[in-house]
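Reader: I am new to this structure and would like a close look at a single part, the surface near one of the DNA strands. Please start there and then work outward to the parts around it.

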Protein chains: 2
Amino acid sequence: MVRAGQRSLRDHNLCLVFSLIASAPADNPRSRADLAEMTGLTKATVSSLVTDLRTAGLLSELEPVTPHRVGRPAVPLVVAEGTVASLGMEINVDFLGIRALDLTGAILAESFERRNLPDTEPAVAFAILVHQVYDVVTRLTSDSVRLIGACLALPGIADHPHGPLRLAPNLGWRDVDIPQVMATAVDVLGQDLGTDADPAVLATVRSLMTDGLLVENEANLAARTEIAKHQEKSFIYVSGEIGIGAAIVVDGRVFSGLHGWAGEIGHLVVDPRGPVCACGATGCLEMYAGKRAIMAAAGLDPDDCIDRLVEACQRQEPAAVAAIAQVSESLGIALSNCINIVDVNRIVLGGSFAPLTDCLRPGLMAQITSRVLASRLVGEEFEIGASTTGCHAGATGSALAVLDQAVADPASKLWKV
Amino acid sequence: MVRAGQRSLRDHNLCLVFSLIASAPADNPRSRADLAEMTGLTKATVSSLVTDLRTAGLLSELEPVTPHRVGRPAVPLVVAEGTVASLGMEINVDFLGIRALDLTGAILAESFERRNLPDTEPAVAFAILVHQVYDVVTRLTSDSVRLIGACLALPGIADHPHGPLRLAPNLGWRDVDIPQVMATAVDVLGQDLGTDADPAVLATVRSLMTDGLLVENEANLAARTEIAKHQEKSFIYVSGEIGIGAAIVVDGRVFSGLHGWAGEIGHLVVDPRGPVCACGATGCLEMYAGKRAIMAAAGLDPDDCIDRLVEACQRQEPAAVAAIAQVSESLGIALSNCINIVDVNRIVLGGSFAPLTDCLRPGLMAQITSRVLASRLVGEEFEIGASTTGCHAGATGSALAVLDQAVADPASKLWKV
DNA sequence: GTAATATGTTTATCCATGGAACTAATAGGA
DNA sequence: TCCTATTAGTTCCATGGATAAACATATTAC
């Protein structure tokens, strides 16, 4: 809890009113009168708050739509488009880039590059990234968009909320001090651009990349995209590529544990008498359900696209069917354990698992219904769905994380004009 | 977020000041000047807040202790003793009762009864409980203590925050609507007492038992006792009696999942090819580490006290040593999975496991260091300790839960005098 | 055209914090 | 002993933001 002066009172109410407008359904935006009703504040206070939010460029009025009802028509209030943005960055195994979202979640600008990053030095990757950031920030500042923060998604174990990145097996990175590496990358950018650089843009980039830059696991951030898109509130998001990660979401909030390392399900024990994993333990989930293991079990090239397997399943090829059985049993055991521990009733399959959802569902459900206490003994119903958040979900989630934090915090600089 | 009027501002600051005083170390209580410094509020505001809290009976002044320092000595402020209390109730397998704690966590009154409850009807148990409540409330009201709420600890799966109790295997209870059963128990109490009843006390009991009564799993509540006693902030509390439960605590907050069912580790899969459990699945943790399984493996009577096993271990009896090996391996696998999923670095063993902590530690640690990713690859250090919270930890935790909720919420009735 | 109704603004008031001056209690030094 | 410096806590007035009621505005109903 923090000191509450009168300024905080104002900020709290600005924040309250804004988030109510932001959470309104698109087909039924709220008016000042609605807000006064909902919050219990007087109409006068709400009017004053809305005025402030409008002059800060955070809200717009729509044309009053004539209702079939007596009385003066209400003025619908909506979140302003294209005035404020957050930056979501992602460095992953085969691409890196940045995406800028405004308060409505719309993409204002982005820059992505396909590139195989394993065994690339962090400094090299960050040098590319800050160039992309510079481009995007240049475009946004020319449109006089206000930038409120940035977040970086990484495929590995990273400390919450500012790093370091402890380990990213698929990148071959270990103990990367993100703020540090980012700061030097910005310095190098400045030297690269020399006199061509716009000093104002460069200063903005430096400030965004060094002051309060958020860092988080890619799965946790991709899960935020899922929350925003489908209004899901509680689920486990499974992010399976080469490694397997997960995000735990309860009541719309990502649970990230003590350090930010929660959801590392790739090395859950499926069978203590199983084969030895690269990590040194026995019978880890990745030995059964990692992408390489799946493709190998199906008799396919481990580096091939997962769609080959989907096709093979549709043709009912025995090897593919056996592979699916192996994955759904092992992943089902691991997820049953997760559900018993964290108590959610929905699984969202992302990454390589997403296209396999329909194949995997029966086997997963069989494990869940037999192993989850809440299912067998309490009768809770479970759902398994596929993620539909598309490409660069980590970058989108990063930008959303910044927005969420700024909007939810009455002390954030969003309200300081 | 909730509407912030001027009254809320005041309440927030009352709450802020109070919690700073409550969290001060006992040997260095805070003064008004300290609070002004810490909060950033002016001395005038702090003085005014403290005056309100004192007249509400929430704070006391101690004698100014002369410091060896120039200037007027500060007046130490401490949480008032014995003026306000919360009620923590517990119904467990072999006892039930109630304990009242004041704001300092001291026991003001209690009433417990040993009783074998399995296969007792809920109505019977609740009838006993409300009698105990009536006794305690009578004593407290005669001392003019203000009662702010009540919470009930139950050994089973209960919905957060008001029930129902879905399943308590060890009591043989299922789908008990707690507010409902409690309400009828209070009615019956009124009839039992007849004209002997003090109407004011009866009204207080009815209000506490029906209006906002909290209900939670015993393990989650016992964990709160651990938080309060040892200032532990992040850990998994393992509550092993006949069944095995756990509570997940991160940063001082209990994580209870979507419904309040988180931490059900008794049926985590230890070995999918293992024996069939009573729940219907195979290789559940309870088959290896439940109290009955342990005692059987050690060649002891399953209903005997766990201390028999501790003694047998100290004598290095082969059967006991083998039993310990079985438990530490299976529990170690289950806890490794928990740690990978929820990211904490400390385990607290409670219930039957507490006296076995020293025997179990090496085996548990071996599993954790080999199976937890953060241990093998990031070098995180883990600790395993024994719970020392003693008897009726669930009841104490219940009372603490009420206090925590009341103290943390600026809108709670604590501040409404 | 007038009454009824709902939205939103203006104006005077209330309330909690802010700030500066003031009182209180101690140590140290002449 | 008395004066000064220092720290604690209070008093009193100013300020900022919410509140309440009156008012202006825009629509429907008759």
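Author: The residues of the surface near DNA strand D divide into 11 nonpolar, 12 polar and seven charged. The model is a predicted one. Of the 30 residues around DNA strand D, those that come nearest are B:Gly5, B:Ser47, B:Gly71, B:Arg72 and B:Val75. Both chains take part in this surface: α1 (6–22) and α3 (43–55) of chain A, and α2 (32–39) and α3 (43–55) of chain B, each supply at least two residues. α1(A) gives the most, with five residues.

DNA strand C can be described in the same terms. It is surrounded by 29 residues, and the closest are A:Gly5, A:Ala44, A:Ser47, A:Gly71 and B:Ala44. The elements that each supply at least two residues of the surface near DNA strand C are α2 (32–39) and α3 of chain A together with α1 and α3 of chain B. Here the largest share, five residues, comes from α1(B). By class, the surface near DNA strand C has 11 nonpolar, 12 polar and six charged residues.

Two of the helices named above can be followed within chain B. The axes of α1(B) and α2(B) cross at roughly 115° and come within 11 Å. The crossing in which α1(B) passes α2(B) is right-handed. On the α1(B) side the residues are B:Leu16, B:Val17 and B:Leu20, and they meet B:Leu35, B:Met38 and B:Thr39 in α2(B). The residues of this contact divide into five nonpolar, one polar and no charged.

α1(B) also leads to the contact between the chains. That contact takes 51 residues from chain A and 51 residues from chain B. On the side of chain B that touches chain A, the elements that give two or more residues are α1 (6–22), β8 (165–168), α11 (318–342), α12 (357–371) and α13 (373–376) of chain B. The largest share of that side, seven residues, comes from α11(B). By class, the side of chain B that touches chain A has 28 nonpolar, 16 polar and seven charged residues.

Chain B also holds an open sheet of five strands, in the order β13-β12-β11-β14-β15, with mixed pairing. Its edge strands are β13 (253–255) and β15 (383–386) of chain B, and each pairs on one side only. Neighbouring strands of this sheet are turned by 25° against each other on average, direction ignored. At one edge, strand β14 (residues 346–351) of chain B runs parallel to β15(B), and four bridges join them. In this pair B:Arg346 stands opposite B:Glu383 of β15(B).

Next comes chain A as a whole. Chain A has 14 helices and 15 strands. Its radius of gyration is 24 Å, close to the 22 Å that the globule rule gives for 417 residues, so chain A is as compact as a globular protein of that length. The C-alpha trace of chain A spans about 70 × 60 × 45 Å along its principal axes.

Within chain A there is an open sheet of five strands with mixed pairing, in the order β5-β4-β3-β6-β10. β5 (107–114) and β10 (214–217) of chain A stand at the edges with a single partner strand each, so one side of each is left without a neighbour in the sheet. On average, neighbouring strands of this sheet are turned by 15° against each other, direction ignored. Strand β4 (residues 95–102) of chain A is joined to β5(A) by seven bridges, and the two run antiparallel. A:Leu96 has A:Glu113 in β5(A) as its bridge partner. Helix α6 (residues 199–210) of chain A lies across β3 (84–91) and β6 (146–154) of chain A, running at about 50° to β6(A).

A last detail of chain A is a strand pair. Strand β8 (residues 165–168) and strand β9 (residues 173–176) of chain A run antiparallel and are joined by three bridges. The bridge partner of A:Leu165 is A:Val176 in β9(A). β8(A) and β9(A) form a hairpin with four residues between them, and A:Gly172 in the turn has a positive phi of about 75°.

Note on methods. Residues are numbered from 1 along each chain as its sequence is written. Chains are lettered from A and ligands numbered from 1 in the order in which they are written. This is a predicted model: local features need pLDDT of at least 70, side-chain atom pairs count only at pLDDT 80 or more; totals for chains, interfaces and linings use all residues. Two residues are in contact if their C-beta atoms, placed from the backbone, lie within 7 Å. Ala, Val, Leu, Ile, Met, Phe, Trp, Tyr, Cys and Pro count as nonpolar, Asp, Glu, Lys and Arg as charged, and the others, Gly among them, as polar. Two strands pair if DSSP finds at least two bridges between them. Axes are lines fitted to C-alpha atoms, for helices over the stretch in contact, and angles run from 0 to 180 degrees between N-to-C directions. A residue is near a molecule or strand if its C-beta atom, placed from the backbone, lies within 6 Å of it. A crossing is left-handed if the near helix is turned anticlockwise from the far one by less than a right angle, and right-handed if clockwise. The radius of gyration is taken over C-alpha atoms; the globule rule is 2.2 Å times the number of residues to the power 0.38.
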